[in-house]
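Here are a few short exercises to work through with the model open in your viewer. Try each task yourself before you read its solution.

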Amino acid sequence: MNDTPEPGHQRVLIVDYGSQVTQLIARRVREDGVYCEVHPCQKVDGLFLETFDPSAIILSGGPESVTHDGSARAPDSAFTRGVPVLGICYGEQTMAAQLGGSVKAGSPEYGRAEIQIVRESPLFDGFGGVGHSEPVWMSHGDCVSAIPQGFEPIAVSEGAPYAAIADEGRRLYGVQFHPEVAHTPRGSLLLRNFTRKIANLTGDWTMAKFREEAVARIRAQVGRGKVICGLSGGVDSSVAAVLIHEAIGPQLTCVFVDTGLLRAGEGDQVVSLFRGQYNVPLIHVDASDRFLGALKGVSDPETKRKTIGRLFIEVFDAEAAKIDGADFLAQGTLYPDVIESVSVHGGPSAVIKSHHNVGGLPERMRLKLVEPLRELFKDEVRALGRELGLPPAFVGRHPFPGPGLAIRIPGEVTPERVRVLQKADAIWLEEIHKAGLYDSIWQAFAVLLPVKTVGVMGDARTYEDVCALRAVTSVDGMTADMSRIPWEVLERTATRIVNEVAGVNRITYDITSKPPGTIEWE
């Protein structure tokens, strides 16, 4: 995540070989209080390892095949430094291949599987001993077919004779399954066994410590300069603003750009909260006409994101010119934003979608970036918000995308369609709150579809829009399942939207998980 490691921490290095869930490894390790960083495999060589000096190394999964010429490898010194190494999926395969074993191509195993523990190992401490069967999640096309000298199998599965291997003397371990995903129920315990019992790490990283270090980093980066912060009113930008204000006080000016694509009443809430409660200098820019005008006739979702990102920065440049000496732009960029916006050849995973605050930045943007949350996952940002004293109800707000409602209106975005969606979305959230479901849901929102259907209202035929409702449960937003909303809540919401929102005559509920879908529709 950083070009230089955090000083003073026991550090786990996670080498990313391109898996879409590599960041979940970091999430599981961090939630146990162990500091870790993710770095793309292309960057990690012997010199990097020497400089980073990790206390333990985890090699992630990835889409490549170890059997292909030119596929990524770990530095040889990773296995000779004397620190514990855990290879996951592709990580196990490259470890085996590099140390004298072999990998067989075309041995796929996807989805739920059962492993059987065949040898005692601290990696499986607390699992149940030899002969115990444990559910795990597999997702591999190749498998280890022969293990290097010094290794022994410690678990097997029907599709993988070396589902887990260990060289206990050198503290080298490999697992073919994915302990980082929720579908491996006790994967967190395995990772804890690796970091705490095998690597003997104490877990010295807390959100209070992150706060202290982040304040120091901000002060060192900014010096006596002035910062303008892009304040959207969402959790990410708000936590970033409060953290930066703690670090540099009056050197910060927040700029709230009203794109016209916010939830109903959100603009007034932002102004009231930061001017009234936190006394943070705030410039309110109503740029709704400009944004909606630029989106006229645009239906491609990537073009929407790029357009909004470009205008967002242009507005900031204009405001920065009015602030004497402003030379930093602060954003609430999170780590998943960065991961999803980088290609597999330029970084750790394949592009899913660009994000307006990392993918839409003009190359010649005048302001330098301050992104204090760039290393954090969403739930860590919430924990930091609580650490900073933000109100629990505010910190617990559902995520809201940077491009706003534009990506919840597939097709062309018009002022009228925005108004319709704002009303429908407000009703949906209100009913979720009334039912006491809000805090158990990761994200809930409405989508206005570019589809019209026939309906009957009174005795008249209608031909109006379809509104889709979406609600998902998740730990970190990287994977998600649909929320099982009680039928009566769905029915009440649908009735209210059809009756109260002119232009909508049909409601659907999206039951798609992530993957194969994404949480947002665009």
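**Exercise 1. Find how strands β15 and β16 pair, then place them in their sheet.**

Step 1. Strand β15 (residues 326-330) pairs with β16 in the parallel sense, over three bridges. Strands here are DSSP runs of E with at least two residues, helices are runs of H or I with at least four, and both are numbered from the N terminus. Two strands count as paired if DSSP finds at least two bridges between them.

Step 2. For one of the contacts, look at Phe328: its bridge partner in β16 is Lys368.

Step 3. Now widen the view: the open sheet has five strands in the order β14-β13-β12-β15-β16, with parallel pairing. β14 (282-286) and β16 (368-370) are the edge strands, each pairing on one side only. From one strand to the next, the twist averages 30 degrees.

Before going on, a word on the ground rules. This is a predicted model, in which local features need pLDDT of at least 70 and side-chain atom pairs count only at pLDDT 80 or more, while totals for chains, interfaces and linings use all residues. Residues are numbered from 1 along each chain as its sequence is written, and side-chain values use heavy atoms, leaving out hydrogens and water.

**Exercise 2. Decide which residues of helix α11 are buried, and what covers them.**

Step 1. Apply the cut-offs: buried is under 20% relative accessible area, exposed is over 50%, and partly exposed is in between (1.4 Å probe, protein chains only).

Step 2. Seven of the ten residues in α11 (residues 378-387) are buried. They are Lys378, Asp379, Glu380, Val381, Arg382, Leu384 and Gly385.

Step 3. The cover over these buried residues includes α1 (22-30), α5 (207-222), α6 (235-248) and α12 (392-395), where contact means heavy atoms within 4.5 Å.

**Exercise 3. Work out what the salt bridge between Glu430 and Arg496 connects.**

Step 1. Check the distance: the closest N and O atoms of Glu430 and Arg496 are 3.3 Å apart. A salt bridge needs a side-chain nitrogen of Lys or Arg within 4 Å of a carboxyl oxygen of Asp or Glu.

Step 2. Locate the partners: Glu430 is in helix α13 (residues 415-434) and Arg496 in helix α14 (residues 487-500), 66 residues apart.

Step 3. Compare exposure: Glu430 is partly exposed at 34% relative accessibility, whereas Arg496 is buried at 17%.

Step 4. Follow the shared partners: salt bridges join Glu430, Glu431, Lys434, Arg492, Arg496 and Glu500 into one network.

Terms used:
Axes fitted to C-alpha atoms, helices over the stretch in contact; angles between N-to-C directions.
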